Structures are given as structure tokens and as C-alpha cells.
Amino acid sequence: MSANAQLLEGVATNNPRHIAIIMDGNGRWAQKKLMPRIIGHRAGVKAVRRIVEYCTQQGIEVLTLFAFSSENWRRPKDEVSLLMNLFMATLQTEINRLHENNIRLRFIGDIASFDAKLQAKIAAGVVQTQENTGLTLVIAANYGGRWDLAEAAKAIAADVLAGEIAITDINEDLMHQHLALADLPEPDLFIRTGGEQRISNFLLWQLAYTELYFTDALWPDFDQAALEQAIISYKGRQRRFGRTGDQVLNPTV
Ligand code: IPE
Ligand code: IPE
Ligand code: MG
């Protein structure tokens, strides 16, 4: 379909600028193969590599990946510790590759709870890649949407107490400025693999008008063709942001 014909139908014509993914299903992928869950997490890292590569090729601006939620500490100690080792090993092998591909690495979440070595590795990766101008890859690690909102509330309250702002200055824009991803385009497309249809405390504020896409594919099986399917679904949707469909088709209505 030509860009013009798409415009007439009022559907999203362009690739999403920002894709946010809950990478779910690693454990079940391994269990189905009668293997320990960590094997699924390792296969999940390979899927991340494929998806990052695809987003780079497609000129996607931002890819946000939910790697570890603030609730994932509730998992068995062994799994948490294997996951931490996998994060560390992955950063060690991937940061240079990201840098070579002009990818800017960022993190959102309460990084301070990770062990000092992992924190240092994260900080080093962020600094090394901060001037890159290609894909921005955001890793949500020890992230929770409620945590994000509570942090924003804390920061705003501190500004009020310091007399820097008045209570009447608090509005949606100000909230937005204090939340994760504030300086990036809002997520256009949200994907959750693994068959569950829930947000699991991911980006609560930021997903307000994001197009949601759920797939049964387990994360280690999610490949470039699967992402392409999600993007095709996104491109076929009419984003109304509260307006009527007619207004979207003809902005002067
Ligand atoms: C997602 O896969 C990865 C993390 C939460 C770290 P899961 O580990 O949740 O896999 P399932 O949902 O148990 O299959
Ligand atoms: C969400 O997956 C978190 C990540 C993918 C990092 P979970 O597997 O933790 O979500 P629930 O527990 O099924 O809601
Ligand atoms: Mg899960």
C-alpha cells in the first residue's frame, strides 16, 4: 500500500519509534525441553541479540526491554543468582558489540540494589555508549512502574519542600519529566511474549496510549519474523488518542 493510501485509512504509516517489550516465557521454554530454567534465560539473551539487530536495521529509535522486575527478587534464590551472573556475563560480552553498532545503552530501575560489580559494569557500559547516535537500547532492570511513580512523587515533594516549585505547579508534564524515559519518545508499540496478557508492573504511566500486542511465542522463540508481525499489526491500527476516527482521517473536522 502506498504511504498516501495508508494515510487515507488513517492508520499508523510509519514504523514505531519506540518499542517496549516484556520478554516473557524463558522458563517455560526450557521446562518444555526438560531443561533447567537458566537454559531458557540464556536462549533469551540470543533472542535479545536478534531483536536488537533487527531494530537497528529498521531504524527503530528506542527499544526498551524488561529484563528483571522489582518483583522478580521473589524467585528462588538460585534463579535470581544465576540471572545476576547472566546479566554480568552478557554485559561483558555485549557492550563492545553494542558500541561498535553505534547503540546507546541505558538502564531504568533501581540499579542500587545490584551488587557493586554489576553496578560498575552497568555504569561503564552506559558511559562508553552515551555519545552513540543509533538505536537507544533501554534495559529495565529491577524496574517497577509503581517504583517509578513513587520516585517521581518523592522528587517532586522534595522540590516543593525546597521552595523550588509550588503544589499548583504539579501537573502531568511535571510528572512526566520525573519518570523513566522522560527524554525519549513515548512507547508506540508494547509487546509481551509468553502468552500472558498483563502489564506486570512494567511502564504504568508511559503505556497510557501505547498499542498493545500479545503473542503466545515464548521469548527465546521470538525472532525477526515475529517482530515483523507485531510491527505489521501496529501499522494497521488507527491511533485516536481520544479523538473520533473521522477526526483522525480528516484533522480539520
Ligand atoms: C522472563 O521469563 C524472564 C525474566 C522474568 C527474568 P520467565 O523467567 O518469567 O519465564 P516463564 O514466564 O517462567 O516461562
Ligand atoms: C515480567 O515477567 C518481568 C520480566 C519479563 C522481566 P514475569 O514472568 O515476572 O511476570 P508475571 O510474574 O508472570 O506477571
Ligand atoms: Mg514469566
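**View 1. Arg75 and its polar contact with ligand 2.** In this predicted model, a polar side-chain atom of arginine 75 lies 3.2 Å from an oxygen atom of ligand 2. Two further side chains join in: an N or O atom of arginine 198 is 2.8 Å from a ligand 2 oxygen, and for serine 200 the distance is 2.6 Å. On its own, ligand 2 has 390 Å² of accessible area, and the protein covers 78% of that.

**View 2. The shell around ligand 2.** Ligand 2 sits in the largest pocket. Strand E2 (residues 62–69) gives the largest share of the shell, four residues. Sorted by class, the neighbours of ligand 2 come out as five nonpolar, three polar and four charged. Among them are Ile22, Phe66, Phe68 and Arg192.

**View 3. Polar contacts of ligand 1.** Arginine 75 turns up here too, with a polar side-chain atom 2.7 Å from an oxygen of ligand 1. Aspartate 24 also uses its side chain, placing an N or O atom 2.8 Å from a ligand 1 oxygen. Arginine 28 goes through the backbone instead: one of its backbone N or O atoms lies 2.7 Å from an oxygen atom of ligand 1. The protein covers 87% of the 380 Å² of accessible area that ligand 1 has on its own.

**View 4. The shell around ligand 1.** Ligand 1 sits in the largest pocket. Helices H2 (26–32) and H3 (37–58) are the elements that give two or more residues to its shell, and H2 has the largest share with three. The class split for ligand 1 is three nonpolar, five polar and four charged residues. The neighbours include Gly25, Asn26, His41 and Leu83.

Note on methods
Residues numbered from 1 in each chain as written. Chains lettered and ligands numbered in written order. Predicted model: local features only at pLDDT ≥ 70, side-chain atom pairs only at ≥ 80, totals over all residues. Heavy atoms only, no water. Near = heavy atom within 4 Å. Polar contact = N/O pair within 3.5 Å; in protein donor to acceptor, adjacent residues only side chain to side chain. Areas by Shrake-Rupley, 256 points an atom, 1.4 Å probe, with all protein chains shown as cover. 1 Å grid on protein atoms, 1.4 Å probe; cavity = no way out; pocket = protein on both sides within 12 Å on 5 of 7 lines; lining within 4 Å. Sits in = over half its atoms within 2 Å of the grid points. Nonpolar A, V, L, I, M, F, W, Y, C, P; charged D, E, K, R; others polar.
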